[in-house]
Amino acid sequence: MIGNRITHRTADGVRVPGTWRHAFIRNGGHYFLTDLFVYADGLIDCWGLVTVEEFEEKLRTGWVATTFPEGGEASAHELADWKFSEPESWITPDLLVAEVRDTIDLLNGRPDSTGRCLAAVDVFLADRTEENRAAARAAFLAVPEIQRRYALGDMDSKDWPLRVLVAGPGGRTYLPFDGTVTQEDYDGALGYFEERARWRAERSTRVPADGPVTPHAPAVQLHHTYRTEPVADPGKIGLRHDYPAPITVADADYPSVARAYWALSVADPGARDAIAAAQTASAARTLAAEAPRREGWEHARTAVMTALLRAKYDQHPELAEVLLATDDATLIYDDMNSGFWGDNAGRGRNWSGRLLELVRSELHARRAGIPGA
């Protein structure tokens with residue numbers, strides 16, 4: 001159920017992850033197509049937060065509807081109204097509750113019914129006793145029927161190997177049209193799982209062609225500082241845009257990246273000198289805010305900042321070493337005055353951090369002698 005439908009709610013200042021699916025709410029005899037939200041803390045929002053047990057009661061009373069009468073009136077808010085004609089439902093209350101319980105497990109990083117089934121199958125394959133087969137069969141049948149077909153994630157074989165394996169030679173699957181499982185069928189299912197085990201082992205050792213998906217180094221937080229004079233060993237403070245590391249760009253000198261950025265942002269050349277000469281980055285920002293902005297600045301600002309950062313780390317090799325020492329860490333940049341440049345506890349876009357990572361990558365590439373960097 002989770003897929004790409006990721007959402008959250010905030011409870012007592014804590015972000016509670018969740019997901020959603022479509023559902024019908026029956027209110028006053030009218031059916032409303034709406035969103036059913038499921039959260040990791042076990043609460044379900046079906047026009048009001050309820051527990052799983054309360055959700056089951058909502059299903060029993062028909063507040064959350066899974067069957068629909070011929071001619072019943074329905075609507076999707078502000079989109080359309082219609083009446084049901086020959087309605088056919090693909091889900092039952094039991095299946096919907098099972099889906100919700102599985103979703104809560106997945107949101108909490110626990111195995112859902114499919115995960116528990118596959119774990120039981122692995123136990124049986126390692127020790128093929130009838131007791132273990134019975135446990136695997138029970139776990140398989142505990143998977144909601146509409147999800148069993150995709151338990152193996154194989155769109156070609158579907159769940160055929162699973163249902164044959166847990167039924168065993170001479171047994172019957174849960175699908176009446178399968179007939180009695182033959183020894184040939186069973187051997188085929190065993191072969192499928194042996195090949196699947198080899199494939200899984202190979203996949204676990206594969207490394208993406210161009211490297212890992214996520215950083216291996218811990219994230220680095222670049223907190224606010226108010227340094228006005230350079231120091232001998234600034235450490236990560238030196239990665240801040242307002243750190244006093246003078247740069248020269250297009251034959252103009254600036255005391256720091258921040259003051260260069262604000263000076264270049266204004267349309268009036270006369271104002272640029274005053275901004276560049278401001279005592280602090282904060283003062284430069286204030287002066288820039290009072291002057292007319294360059295036309296199209298909001299579309300050009302990331303390119304300008306990138307150029308300024310390249311200049312800084314080219315002209316200050318000691319700070320380039322500090323940046324390189326962060327390895328592949330995510331750089332989280334605080335900027336209380338900007339949700340664009342700062343991460344700001346996850347509420348901002350962190351463009352400063354992203355561009356520092358870009359320049360760091362260029363430095364790594366140059367050090368490795370990779371052309372084009």
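# Working through a predicted model

Asn350 is buried, with a relative accessible area of 9%. Keep in mind that this is a predicted model. Let's work through some exercises on it.

## Exercise 1: two unusual backbone angles

Task: find out what is unusual about phi in Asn350, then decide whether Ala250 is buried or exposed.

Solution. Start with the general rule: most residues other than glycine have a negative phi. Now look at Asn350, where phi is near 60°, a positive value in a residue other than glycine. Asn350 sits in the loop between strand E12 (331-333) and H13. As for its surroundings, a residue counts as buried under 20% relative accessible area, so Asn350 with its 9% is buried.

Next comes Ala250, with a positive phi near 50°. You'll find Ala250 in the loop between strand E10 (247-249) and strand E11 (252-254). The cut-off for exposed is over 50%, and Ala250 has a relative accessible area of 74%, so Ala250 is exposed.

## Exercise 2: rings that meet

Task: work out which kind of aromatic pair Phe24 and Phe68 form, and which parts of the chain the pair ties together.

Solution. A ring pair is described by the distance of the centres and the angle of the planes. Here there are 15 aromatic pairs in the count. For Phe24 and Phe68 the centres are 4.8 Å apart and the planes make an angle of 65°. Planes over 60 degrees apart count as edge-to-face, so this pair is edge-to-face.

Now place the two residues. Phe24 belongs to strand E2 (residues 14-27), while Phe68 is in the loop between strand E6 (64-65) and strand E7 (73-76), so the pair ties together parts that are 44 residues apart in sequence. Both Phe24 and Phe68 are buried.

For a bigger group, look at Tyr261, Trp262, Trp297, Phe340, Trp341 and Trp351: ring pairs link them into a cluster.

## Exercise 3: arginines over rings

Task: say which rings Arg5 and Arg240 lie over.

Solution. Take Arg5 to begin with: it lies over the face of Trp20, 4.8 Å from the ring centre. Then turn to Arg240, whose charged end sits over the ring of Tyr333, 4.1 Å from the centre of that ring.

## Exercise 4: checking a helix

Task: test how far helix H7 should span, and name what covers its buried residues.

Solution. Helix H7 (residues 183-205) has 23 residues, and at 1.5 Å a residue it should span 33 Å. Its end C-alpha atoms are 34 Å apart, which agrees.

Now list the buried residues in H7: Tyr186, Ala189, Leu190, Tyr192, Phe193 and Arg196. Their cover includes helix H3 (113-126), helix H4 (130-141) and helix H6 (160-167).

## Exercise 5: empty space

Task: find how many cavities of 30 Å³ or more there are, and which helix gives the most to the lining of the largest pocket.

Solution. A search of the whole structure turns up one cavity of 30 Å³ or more. The largest cavity has a volume of about 30 Å³, and its lining is made of Arg310, Tyr313, Asp314, Val359, Glu362, Leu363 and Arg366. Helix H11 (297-315) and helix H13 (351-367) are the elements that give two or more residues to that lining. The largest share, four residues, comes from H13.

The largest pocket holds about 430 Å³ of space. It is lined by 24 residues, and the closest to its centre are Asp242, Ala258, Ala281, Ser282 and Arg285. Helix H8 (257-265) and helix H10 (281-289) each supply at least two lining residues. H8 gives the most, with four residues.

Conventions
Residues are numbered from 1 along each chain as its sequence is written. This is a predicted model: local features need pLDDT of at least 70, side-chain atom pairs count only at pLDDT 80 or more; totals for chains, interfaces and linings use all residues. Side-chain values use heavy atoms; hydrogens and water are left out. Rings of Phe, Tyr and Trp (its six-membered ring) pair if their centres lie within 6.5 Å; planes under 30 degrees apart count as stacked, over 60 as edge-to-face and the rest as tilted. Buried means under 20% relative accessible area, exposed over 50%, partly exposed in between (1.4 Å probe, protein chains only). A charge sits over a ring if NZ of Lys or CZ of Arg is within 6 Å of the ring centre and within 35 degrees of the ring normal. The expected span of a helix is 1.5 Å times one less than its number of residues. Contact means heavy atoms within 4.5 Å. On a 1 Å grid over the protein atoms alone, a cavity is a set of points where a 1.4 Å probe fits but cannot get out, and a pocket is an open set with protein on both sides within 12 Å along at least five of seven lines; lining residues have an atom within 4 Å of a point. Grid points are joined across faces, edges and corners, and a volume is the space filled by probe spheres set on the points.
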